[in-house]
Structure formats: structure tokens, C-alpha cells
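The following exercises concern the helix packing and strand environment of a single protein model. Each task is followed by a solution that proceeds step by step.

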Amino acid sequence: MRHKVGYRKLNRYPSHRKMMLRNLVTSLILKEKIITTEARAKEARKIADKIINLAKKDTLHAKRQIYSILLSKEAGKHLEEIKDKFEGRDGGYTRIVPLGERRGDGAKLVVLELVKE
């Protein structure tokens, strides 16, 4: 049974959705802060938390899993630099701050950022 294993489809084909979320997470790791819609941010946050947990393991298998998700090697190197900030945390590496509605379509915009403490 697949009860409660749902996720947001984001009105995209699976390949498009996967690549969009990989791109969002790569940008989040590189810039540590991105502006996007609320639904996209909530899905990207799941992947970002998973990647940071993998980075904290610091094994070859974990590194291969990280590089299979991220779109650039620069992001992987930056992730290895910032993983030490999260040593005392077991989760909750990101924060979502609401910005308001986007002009044009009224979508809820948020800032998705890495927690700095």
C-alpha cells in the first residue's frame, strides 16, 4: 500500500518536475537563499534536507548520491563547505519566509533559505 506517500505534482511532467526541483536545490545550495512559489519551496525543502543529511554522512556512496541530484560540481563543493554549520542539527536546515502574492497570477511567493545558526 502507498498510503501517505504523496507529493505535489506541480502541474509538470515527471521529468520536468524532477529537473526543476534539482535546479532549485542546486541554486539553494549555491546561493543559500532563493525566491520561489510556496509549493515549489516545500518540495525543494524535502530534497535539500535529504542532501544535507547525506553530506553529513561523508561517505563515498553519500557523495555519489549527492552528485546524482545536484546539477553542478560547484554546488557539491559548496555543500561540503557548509555542512559543518549543521553538525548539531538533525533536521530543519531550511526556512520558508512568506513574501506575499506575485503580481500577475497571485501565486504565493516565499524565500527559501538555509538556516545560518
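## Exercise 1. The two faces of a helix

In helix α4, spanning residues 73-82, the buried residues are A75, G76, H78, L79 and I82. Seen down the axis of α4, these buried residues fall within an arc of 165°, so they line one face of the helix. The model is a predicted one.

**Task.** Determine which exposed residues the face of α4 turned away from its buried side carries, and what covers the buried residues of α4.

**Solution.**

*Step 1.* Turn to the face of α4 directed away from the buried side: the exposed residues K73, E74, K77 and E81 are found there.

*Step 2.* Return to the buried residues of α4 and look for the elements in contact with them. The cover includes the helices α1 (14-31), α2 (38-57) and α3 (60-69). Strand β3 (108-114) is also part of this cover.

## Exercise 2. The pairing of α2 with α3

**Task.** Establish how the axes of α2 and α3 cross, and which residues of the two helices meet.

**Solution.**

*Step 1.* The two axes, those of α2 and α3, come within 8 Å and cross at roughly 150°. Angles over 145 degrees count as roughly antiparallel, and α2 is therefore roughly antiparallel to α3.

*Step 2.* The handedness of the crossing between α2 and α3 is left-handed.

*Step 3.* On the α2 side, the residues that take part are I47, I51, L54, A55 and K57. They meet A62, Q65, I66 and I69 of α3. Sorted by class, the contact of α2 with α3 comprises seven nonpolar residues, one polar residue and one charged residue.

## Exercise 3. The pairing of α3 with α4

**Task.** Carry out the corresponding analysis for α3 and α4: at what angle do their axes cross, and how many residues of each class are in the contact?

**Solution.**

*Step 1.* The axes of α3 and α4 come within 9 Å, with a crossing angle of roughly 135°. The two helices α3 and α4 are therefore oblique to each other.

*Step 2.* The crossing of α3 and α4 is right-handed.

*Step 3.* From α3, the contact draws on K63, I66 and Y67; from α4, it draws on K73, G76, K77, L79 and E80. The classes represented in the contact of α3 with α4 are three nonpolar, one polar and four charged residues.

## Exercise 4. Residues of β1 and α2

**Task.** For T36, T37 and A39, state the element in which each lies, decide whether each is buried, partly exposed or exposed, and list its contacts beyond four places in sequence.

**Solution.**

*Step 1.* T36 belongs to strand β1. Its relative accessibility is 7%, and T36 thus counts as buried. Beyond four places in sequence, T36 is in contact with L24, A41, K108, L109 and V110.

*Step 2.* T37 lies in strand β1, which covers residues 33-37. With a relative accessible area of 12%, T37 is buried. Apart from residues up to four places away in sequence, T37 touches R102, A107, K108, L109 and V110.

*Step 3.* A39 is located in helix α2. A39 counts as partly exposed, at 29% relative accessibility. Leaving out residues up to four places away in sequence, A39 touches R8 and L10.

*Step 4.* Finally, consider A39 and K108, which are 69 residues apart along the chain. Their C-alpha atoms are separated by 8.4 Å.

Definitions and conventions: Residues numbered from 1 in each chain as written. Predicted model: local features only at pLDDT ≥ 70, side-chain atom pairs only at ≥ 80, totals over all residues. Heavy atoms only, no water. Buried < 20%, exposed > 50% of the residue type's maximum accessible area, 1.4 Å probe, protein only. Helix = DSSP H or I, 4+ residues; strand = E, 2+ residues; numbered from the N terminus. Arc of directions from axis to C-beta. Contact = heavy atoms within 4.5 Å. Axes fitted to C-alpha atoms, helices over the stretch in contact; angles between N-to-C directions. Parallel < 35°, antiparallel > 145°, perpendicular 65-115°, else oblique. Left-handed = near helix turned anticlockwise from the far one by under 90°. Nonpolar A, V, L, I, M, F, W, Y, C, P; charged D, E, K, R; others polar.
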